[in-house]
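Reader: I am new to this structure and would like a close look at one part of it, the pairing of its strands and what surrounds them. Could you take me through that part slowly?

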Amino acid sequence: MPADTQSLFRVHFEDGEKIDVTAKDAATANGAALARHDGIIRKTKIVREK
């Protein structure tokens, strides 16, 4: 994936909250999700288009 390409990530929190964010990588997506919801992140996945 080129460095300037953004993808849609779904960030899953321990409390069950799921937040979709657009970012260049998973670390950036985690930071954006944490800015919107305080908690422990369990996993981060790329949302694949069908």
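Author: Arg10 has Asp20 in E2 as its bridge partner, and the antiparallel pairing of E1 and E2 extends over 6 bridges, where strands are DSSP runs of at least two residues (E), helices are runs of at least four (H or I), both numbered from the N terminus, and two strands pair if DSSP finds at least two bridges between them. The model is predicted, so that local features need pLDDT of at least 70 and side-chain atom pairs count only at pLDDT 80 or more, while totals for chains, interfaces and linings use all residues. Residues are numbered from 1 along each chain as its sequence is written, and side-chain values use heavy atoms, with hydrogens and water left out.

In the hairpin of E1 and E2, 4 residues lie between the strands, and Gly16 takes a positive phi near 100°. Along E2, Ile19, Val21 and Ala23 point to one face and are buried (under 20% relative accessible area, with exposed over 50% and partly exposed in between, for a 1.4 Å probe and protein chains only), whereas Lys18, Asp20 and Thr22 point to the other face and are not buried. In a regular strand the side chains alternate between the two faces of the sheet.

E1 is also joined to E3, by 5 bridges in the antiparallel sense, and Val11 has Thr44 in E3 as its bridge partner. His12, in strand E1 (residues 7-13), counts as buried because its relative accessibility is 14%, and the residues that His12 contacts (heavy atoms within 4.5 Å) include Glu17, Ile40 and Arg42, leaving aside residues up to four places away in sequence.
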